[in-house]
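Please walk me through this model in the viewer, one selection at a time. Tell me what to pick next and what I should find there.

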2 protein chains.
Amino acid sequence: MKRVSLSDLSKSLNISKTTISFVLNGKAKEKGVSEETERRVLKKVKELNYIPNNFARGLRTGKSMTIGIVVADISNPFYARICRNIENEFDKKGYNVLFSSTYENPEKERHIINVMVERGVDGIILSPTRPYSSRVNKELTSLEIPLVFIDRHYPTSEIPFVVANNYQSSYNATEKLIEHGHKQIAFIAIKPTNTSVMADRIRGYKDALKAANLPFRKKYYAEFDLEDLSKPIYHKLDCLNLREHSATAILSGNNKITLALIECFQRNKILIPNDVSLISFDYLDVFSILTPPISSIQIHPEEIGDKAAKMLLGLISSSKKSYDNLVIEPQIHIKESVRFLSED
Amino acid sequence: MKRVSLSDLSKSLNISKTTISFVLNGKAKEKGVSEETERRVLKKVKELNYIPNNFARGLRTGKSMTIGIVVADISNPFYARICRNIENEFDKKGYNVLFSSTYENPEKERHIINVMVERGVDGIILSPTRPYSSRVNKELTSLEIPLVFIDRHYPTSEIPFVVANNYQSSYNATEKLIEHGHKQIAFIAIKPTNTSVMADRIRGYKDALKAANLPFRKKYYAEFDLEDLSKPIYHKLDCLNLREHSATAILSGNNKITLALIECFQRNKILIPNDVSLISFDYLDVFSILTPPISSIQIHPEEIGDKAAKMLLGLISSSKKSYDNLVIEPQIHIKESVRFLSED
DNA sequence: TCAGATAATGATACCCTTTTCATTTTATTT
DNA sequence: AAATAAAATGAAAAGGGTATCATTATCTGA
């Protein structure tokens with residue numbers, strides 16, 4: 001059963017395709033189509049269950065009414081919640097949303113973007129996995145379609161972005177730990193560490209140490225790969241000498257690693273906050289029901305999603321390339337997982 | 001800067017669009033295009049940065065190389081993980097994936113599906129929010145495009161599905177509680193309760209009670225709306241008389257409600273498993289690091305995603321409407337959140 | 001050397017909608 | 001009644017690929 005086309009409709013009604021098209025696109029009034037004609041068209045459309053062919057329309061108009069979202073991993077709740085809100089916003093305006101995950105693979109990122117451009121998306125929201133380089137930046141700006149960065153960004157690029165203030169919140173959190181009397185503060189980073197997010201968090205941590213005249217020590221710094229968290233984590237953590245109270249506090253680079261840390265601590269009878277204080281980036285609901293509740297630096301992905309969607313919509317409709325970048329201030333919640341360290 | 005078209009390429013090379021098309025679609029050998037010509041074409045394509053117009057292609061072929069995923073809420077990790085694997089699978093085959101959330105709104109579900117069909121998707125993977133009705137079923141089967149249900153399904157429909165065995169796992173979990181000596185077992189359901197998932201879980205619970213000659217009591221049964229969990233939960237839980245040990249065990253209808261329950265228990269000094277034993281549907285990573293670790297019924301969303309993707313790919317390519325439905329057996333993990341109840 | 005086969009390439013219709021511009025019909029003015 | 005303006009509708013091109021069928025160039029064998 002072939003789909004009904006405009007021509008079929010036209011023949012069946014003895015009304016030109018032009019007129020029908022006007023009616024269907026809400027231009028009846030504007031183009032002076034009589035009400036009588038409009039009624040007849042609308043009735044027949046229902047009757048024959050006419051569905052416009054999107055390819056023909058897109059071919060003619062050049063607009064796909066589709067945008068693309070590219071993130072590291074859609075199954076990461078942080079990105080999933082961003083995506084939820086982006087889709088929500090675009091759905092309201094009649095847009096559809098394509099998504100794809102890069103899994104931190106630069107080659108995949110390039111490929112996905114090419115495919116999406118091929119698909120004729122009207123814009124892309126991207127959390128880049130590739131570190132900044134003039135080549136990549138040029139590649140992205142030369143796409144000729146609106147692009148908005150989320151979560152991660154290229155500070156020196158003209159590509160607009162919606163990100164959290166990772167530097168400042170990392171700085172503040174570290175400061176908080178210092179205020180609690182901690183001097184041996186460890187930072188657990190997640191690879192790749194050359195994304196703006198992780199780089200800023202590391203920088204904030206280091207700068208806060210420096211501001212307090214505390215040295216940055218390699219033995220208080222560890223990097224993990226999210227993909228193989230299970231095995232090497234305790235081994236590496238061993239370096240932190242938590243048992244011997246060498247590091248007295250940890251700033252954890254993201255929520256997944258935090259959960260892995262906690263599990264590791266439980267297995268090795270390391271107590272929070274007695275043996276070590278803990279603040280985690282990226283709040284999770286469960287942080288508040290763990291014993292003890294985990295301190296965290298909360299970034300609302302919903303806000304990022306909303307703002308990014310609105311920004312992209314603006315870029316698509318206005319065709320101006322202006323960029324009012326947004327830097328969202330995370331909230332720091334200090335809970336029982338951080339304790340005051342008495343001087344000795 | 002207008003995009004380069006096939007015609008441009010054709011003129012610039014003095015080679016017909018046909019031949020170029022063959023080369024670009026990997027039919028060079030098959031159609032007997034000389035290697036020399038193929039090389040020239042490929043070189044020029046790179047040089048001019050030719051990107052095929054997807055609308056034109058879709059218009060001609062009728063294939064969009066795009067599929068749609070429709071779930072209740074992409075920000076629900078369960079669905080996000082399903083989506084991840086579906087996208088992964090389709091990406092390999094050159095497909096793109098549209099997604100949208102229904103938020104359990106039947107009207108939205110209908111709308112999304114219509115839009116996707118308009119967009120010309122080659123297939124849809126759907127977790128239906130609408131309960132079975134012959135009208136809805138007919139509406140879906142008359143779409144004329146391959147459709148696969150995930151998570152939820154219509155048992156009597158011919159629409160193929162990949163779901164978990166919710167009935168059996170609910171039955172078994174209830175049985176486990178009974179084996180541990182529990183006789184007052186509560187079930188916490190999530191609205192809407194007329195999805196196959198929740199209905200099956202409730203049915204399994206009831207049947208297991210019956211099989212053990214235990215009565216189903218309304219006071220041991222509660223329904224919650226995921227959207228407004230915070231307020232009414234303790235109020236409703238009060239009915240379970242947990243403090244007075246009226247209900248000695250709870251089977252929780254999904255992971256979100258479980259977290260809310262635990263928080264509520266903490267706030268009201270109700271201890272697991274001393275005051276009440278707990279088994280939750282839908283395993284979460286954090287269940288194992290909570291004190292005590294929470295028993296759970298684990299369904300691997302990855303498996304559902306993989307299988308559903310392969311099923312839909314099969315339906316798309318083979319055009320046969322056969323359906324080898326898949327029912328996945330969840331794993332039940334009994335942890336310290338369930339205790340033996342001594343007879344008195 | 002030429003018929004016949006095979007290899008290589010091209011002309012063109014088609015997919016369906018939007019949009020420009022032209023045309024026909026009806027209303028208004030003088 | 002004629003001229004002009006306004007309202008309503010239609011013809012046809014354009015958009016960029018794919019696929020059918022036709023055609024030309026090259027090769028084979030007798």
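## Between the chains

Begin with both chains on display: chain B and chain A bury about 4,500 Å² between them, and 59% of that area is on carbon and sulfur atoms. Bear in mind from the start that this is a predicted model. Select the contact residues on each side, and you will have 51 residues of chain B touching 51 residues of chain A. Then narrow the selection to B:Phe55, B:Arg119 and B:Ile289, which supply 18% of the area that chain B buries against chain A, more than any other three residues.

## The domains of chain A

Hide chain B and colour chain A by its domain assignment: domain 1 covers 6-52, domain 2 covers 64-164 + 302-330, and domain 3 covers 166-299. Domain 2 of chain A is thus listed as two segments, 64-164 and 302-330.

Keep domains 2 and 3 of chain A in view. Their centres, taken over C-alpha atoms, are separated by 29 Å. Ten residues from domain 2 of chain A and twelve residues from domain 3 of chain A make the contact. Between them, domain 2 of chain A and domain 3 of chain A bury about 1,200 Å², with 58% of it on carbon and sulfur atoms. On the domain 2 side, select A:Phe78, A:Ala164 and A:Pro330: these lose the most area to domain 3 of chain A, and together they make up 36% of what that side buries.

## Helices 1 and 2 of chain A

Next, select residues 6-13 and 17-24 of chain A, which are helix 1 and helix 2. How do two packed helices get described? By the angle between their axes and the distance between the axes. Here the axes come within 9 Å and cross at roughly 110°, which means that helix 1 of chain A is roughly perpendicular to helix 2 of chain A. The crossing of helix 1 and helix 2 of chain A is right-handed.

Show side chains for the contact. Helix 1 of chain A brings A:Leu6, A:Ser7, A:Leu9, A:Ser10 and A:Leu13, and helix 2 of chain A brings A:Lys17, A:Ile20, A:Ser21 and A:Leu24. By class, the residues of this contact of helix 1 with helix 2 of chain A are five nonpolar, three polar and one charged.

## Helices 5 and 12 of chain A

Move to residues 77-92 and 301-318 of chain A, helix 5 and helix 12, whose axes come within 7 Å and cross at roughly 40°. Helix 5 of chain A and helix 12 of chain A are therefore oblique to each other. Their crossing in chain A is right-handed.

Among the residues that meet here are A:Phe78, A:Ile82, A:Ile86 and A:Phe90 in helix 5 of chain A, and A:Ile304, A:Ala309, A:Leu312 and A:Leu313 in helix 12 of chain A. The whole contact of helix 5 with helix 12 of chain A has ten nonpolar, two polar and five charged residues. A:Phe78 has come up already, as one of the residues of domain 2 of chain A that lose the most area to domain 3 of chain A.

## Helices 5 and 12 of chain B

Bring chain B back and select residues 77-92 and 301-318, helix 5 and helix 12 of chain B, which pack at an angle of about 40° with their axes 7 Å apart. Helix 5 of chain B is therefore oblique to helix 12 of chain B. Helix 5 of chain B passes helix 12 of chain B in a right-handed crossing.

## Backbone stops

Which geometry should you expect before looking at single residues? Most residues other than glycine have a negative phi, and most peptide bonds are trans.

- Select A:Thr291 and A:Pro292: a cis peptide bond joins them, with omega about -5°. A:Pro292 sits in the loop between strand 9 (277-281) and strand 10 (295-298) of chain A.
- Select B:Thr291 and B:Pro292: the peptide bond between them is cis, with omega near -5°. B:Pro292 is in the loop between strand 9 (277-281) and strand 10 (295-298) of chain B.
- Finish at A:Glu104, which is not a glycine but has a positive phi of about 60°. A:Glu104 lies in the loop between strand 2 (96-101) and helix 6 (106-118) of chain A.

Technical notes:
Residues numbered from 1 in each chain as written. Chains lettered and ligands numbered in written order. Predicted model: local features only at pLDDT ≥ 70, side-chain atom pairs only at ≥ 80, totals over all residues. Heavy atoms only, no water. Axes fitted to C-alpha atoms, helices over the stretch in contact; angles between N-to-C directions. Helix = DSSP H or I, 4+ residues; strand = E, 2+ residues; numbered from the N terminus. Parallel < 35°, antiparallel > 145°, perpendicular 65-115°, else oblique. Left-handed = near helix turned anticlockwise from the far one by under 90°. Contact = heavy atoms within 4.5 Å. Nonpolar A, V, L, I, M, F, W, Y, C, P; charged D, E, K, R; others polar. Domains from an automatic or database assignment. Buried area = accessible area lost by both parts, 1.4 Å probe.
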